Amino acid sequence: MPECHIRSAQTDDEDGLAVLDRATWSTLHAVTPPPQPPYQPFFDERHCPEQFLVAEAEGRLLGYVRLAPPTPLASNAHVLSIQGFTVAEEARGRGVGRALIRAAVAAARGRGARRLTLRVLGHNTPARRLYESEGFAVEGVLPGEFLVGGAYVDDVCMGRTL
């Protein structure tokens, strides 16, 4: 696989990101039902291109990470949160996810954040290992918070200081 580079998303990435998002949907990380037509736009008033970093190789989108404030409160403005992260199946295990997480950390620092947080489903072991290896620690667990695929799954809150 050719080397990927990380860049900010652009409005013309919308269709490619929407296809990637639908292709990677899984109960391993999704708490919503599988996407069905007619599909909602990928970018909307709450999910704008400026919040996304994308991994790309030879013009093909391999993954994305979304950084957004966890709340609109001024007292919480020093925190950013990863609120979306996926890597194409064929790019997994090749460093694309790690590159996206490192780019998200760098972008959060560049935006003046002091903390970066995320939530991950308890049974998503590959993602949890990646986050832990990049300095995130478990800061809380909401036991059985979601009913996913017929099983109750923990919601794990993780974070790191920047």
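In this predicted model, the charged end of Arg22 is placed over the ring of Tyr39, at 3.8 Å from the ring centre. This contact between a charge and a ring makes a convenient entry point to the aromatic residues of the structure.

Aromatic rings also pair with one another, and the count comes to seven aromatic pairs. One of them joins Phe42 and Phe43: the ring centres are 5.3 Å apart and the planes meet at 75°, so this pair is edge-to-face, given that planes over 60 degrees apart are classed that way. Both partners, Phe42 as well as Phe43, are buried. A second example is provided by Phe85 and Tyr131, whose rings lie 6.0 Å apart from centre to centre, with 50° between the planes, and form a tilted pair. Here the pairing links distant parts of the chain, since Phe85 belongs to strand S4 (residues 79-87) and Tyr131 to helix H3 (residues 125-133), with the two positions 46 residues apart in sequence numbering. Tyr131 has a relative accessibility of 5% and therefore counts as buried, the cut-off being under 20%. Ring pairs further connect Phe42, Phe43, Phe52 and Tyr64 into a cluster, so the edge-to-face pair of Phe42 and Phe43 is found again as part of this group.

Two valines are worth a closer look. Val156 is located in strand S7 (residues 151-161) and is buried, with a relative accessible area of 1%. Setting aside residues up to four places away in sequence, Val156 touches Leu118, Arg119, Val120, Gly122, Arg128, Val138, Gly140 and Val141. Arg128 in this list falls within the residue range of helix H3 (residues 125-133), the helix that also carries Tyr131. Glu139 lies 17 residues from Val156 along the chain, and the C-alpha atoms of these two residues are separated by 7.8 Å.

Val31, in turn, is found in the loop between helix H1 (14-23) and strand S2 (52-57). With a relative accessibility of 42%, Val31 counts as partly exposed, whereas Val156 is buried. When neighbours within four places in sequence are left out, the contacts of Val31 are Leu121, Phe146 and Val148. The C-alpha atoms of Val31 and Leu147 are separated by 7.8 Å, although their positions lie 116 residues apart along the chain. The loop residue Val31 thus has its listed contacts in a part of the chain that is far off in sequence, as the partners Leu121, Phe146 and Val148 show.

Notes:
Residues are numbered from 1 along each chain as its sequence is written. This is a predicted model: local features need pLDDT of at least 70, side-chain atom pairs count only at pLDDT 80 or more; totals for chains, interfaces and linings use all residues. Side-chain values use heavy atoms; hydrogens and water are left out. Rings of Phe, Tyr and Trp (its six-membered ring) pair if their centres lie within 6.5 Å; planes under 30 degrees apart count as stacked, over 60 as edge-to-face and the rest as tilted. Buried means under 20% relative accessible area, exposed over 50%, partly exposed in between (1.4 Å probe, protein chains only). Helices (H or I, at least four residues) and strands (E, at least two) are DSSP runs, numbered from the N terminus. A charge sits over a ring if NZ of Lys or CZ of Arg is within 6 Å of the ring centre and within 35 degrees of the ring normal. Contact means heavy atoms within 4.5 Å.
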